[in-house]
Amino acid sequence: VKVEEKLFQNRYLVDAGRPHITVRPHDTPSRALRSLVHACPAGCYAENEKGQVEITADGCMECGTCRVVTAKTGEIEWNYPRGGFGVLYKFG
Ligand code: SF4
């Protein structure tokens, strides 16, 4: 089985209105924050027309990459989803 086929088995339960990761308001994102647009494996980060980085936490795999990458800049607030919400892994 290919890894994409395994990932397709995962399900995600959205906690509407209570995202578990938020990007703090900023004018110019650091290089670290901007790198997440490409580094997040779930594609949760995007740059808006003002050059600021936004997150849509739906589909987040809780891999922790964004938490580690911005640990020094403090640009994001990262929590695990509430119990019962977030990614539901079938494998691993
Ligand atoms: Fe993306 Fe991983 Fe951060 Fe979730 S924890 S938003 S999957 S980088």
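Glutamate 62 is partly exposed, at 24% relative accessibility, and I would like to start with this residue, bearing in mind throughout that what we are looking at is a predicted model. If you follow the chain, you will find glutamate 62 in the loop between β4 and α3, the helix that covers 65-69. Its backbone deserves a look as well, since the phi angle of glutamate 62 is near 55°, which is a positive value in a residue other than glycine.

From that loop, let us move on to helix α3, where we find arginine 67. With a relative accessibility of 43%, arginine 67 is partly exposed, because that value falls between the limits of 20% for buried and 50% for exposed. Setting aside residues up to four places away in sequence, arginine 67 touches Ile76, Trp78 and Tyr80. The C-alpha atom of arginine 67 is separated by 17 Å from that of valine 87, a residue 20 places apart from it along the chain.

Two of those partners, tryptophan 78 and tyrosine 80, form an aromatic pair with each other, and a search of the whole structure finds 1 such pair. A pair of aromatic rings is described by the distance of the centres and the angle of the planes. Here the centres are 4.9 Å apart and the planes make an angle of 85°, so the pair counts as edge-to-face, because the angle is over 60 degrees. Are the two residues of this pair buried or exposed? Tryptophan 78 is buried, at a relative accessible area of 9%, whereas tyrosine 80, at 56%, counts as exposed.

Let us now follow the chain from α3 towards β5, where the loop between them holds threonine 70 and also alanine 71. Threonine 70 is buried, with a relative accessible area of 2%, while alanine 71 counts as exposed, at 58% relative accessibility. Apart from its neighbours within four places in sequence, threonine 70 is in contact with Leu33, Leu36, Glu75 and Ile76. Between the C-alpha atoms of threonine 70 and arginine 34 there are 9.9 Å in space, although the two are 36 residues apart in sequence. For alanine 71 we can look at glutamate 4, which is 67 residues apart from it along the chain, and there the C-alpha atoms are separated by 29 Å.

This brings me to the interior. In soluble globular proteins, nonpolar side chains tend to be buried together. The largest nonpolar core in this model has 14 residues, and those with the most contacts inside it are Ile21, Leu33, Tyr45, Ile55, Cys66 and Ile76. Which elements each supply at least two residues of this core? They are β2 (21-23), α2 (31-39), β4 (53-55) and β5 (76-78).

Cysteine 66, which I have just named as part of the core, touches Ile21, Leu36, Tyr45, Ile76 and Trp78, again without counting residues up to four places away in sequence. Another cysteine to look at is cysteine 40, which sits in the loop between α2 and β3, the strand at 45-47. Cysteine 40 counts as buried, with 15% relative accessibility, because the limit for that class is under 20%. Although cysteine 40 and cysteine 66 are 26 residues apart in sequence, their C-alpha atoms are 6.9 Å apart in space.

Finally, let us turn to the empty space inside the model. How many cavities of 30 Å³ or more are there? The count comes to 1, and the space in the largest cavity is about 90 Å³. There are 16 residues lining this largest cavity, and the closest to its centre are Ile21, Cys40, Cys60, Cys63 and Cys66. Sorted by class, the lining consists of 13 nonpolar, 2 polar and 1 charged residues. Cysteine 66 therefore appears twice in this talk, among the core residues with the most contacts and among the lining residues closest to the centre of the largest cavity, and Ile21 is likewise named in both places.

Definitions and conventions:
Residues are numbered from 1 along each chain as its sequence is written. This is a predicted model: local features need pLDDT of at least 70, side-chain atom pairs count only at pLDDT 80 or more; totals for chains, interfaces and linings use all residues. Side-chain values use heavy atoms; hydrogens and water are left out. A nonpolar core is a set of buried Ala, Val, Leu, Ile, Met, Phe, Trp, Tyr and Cys residues joined through side-chain atoms within 4.5 Å. Buried means under 20% relative accessible area, exposed over 50%, partly exposed in between (1.4 Å probe, protein chains only). Helices (H or I, at least four residues) and strands (E, at least two) are DSSP runs, numbered from the N terminus. Contact means heavy atoms within 4.5 Å. On a 1 Å grid over the protein atoms alone, a cavity is a set of points where a 1.4 Å probe fits but cannot get out, and a pocket is an open set with protein on both sides within 12 Å along at least five of seven lines; lining residues have an atom within 4 Å of a point. Grid points are joined across faces, edges and corners, and a volume is the space filled by probe spheres set on the points. Ala, Val, Leu, Ile, Met, Phe, Trp, Tyr, Cys and Pro count as nonpolar, Asp, Glu, Lys and Arg as charged, and the others, Gly among them, as polar. Rings of Phe, Tyr and Trp (its six-membered ring) pair if their centres lie within 6.5 Å; planes under 30 degrees apart count as stacked, over 60 as edge-to-face and the rest as tilted.
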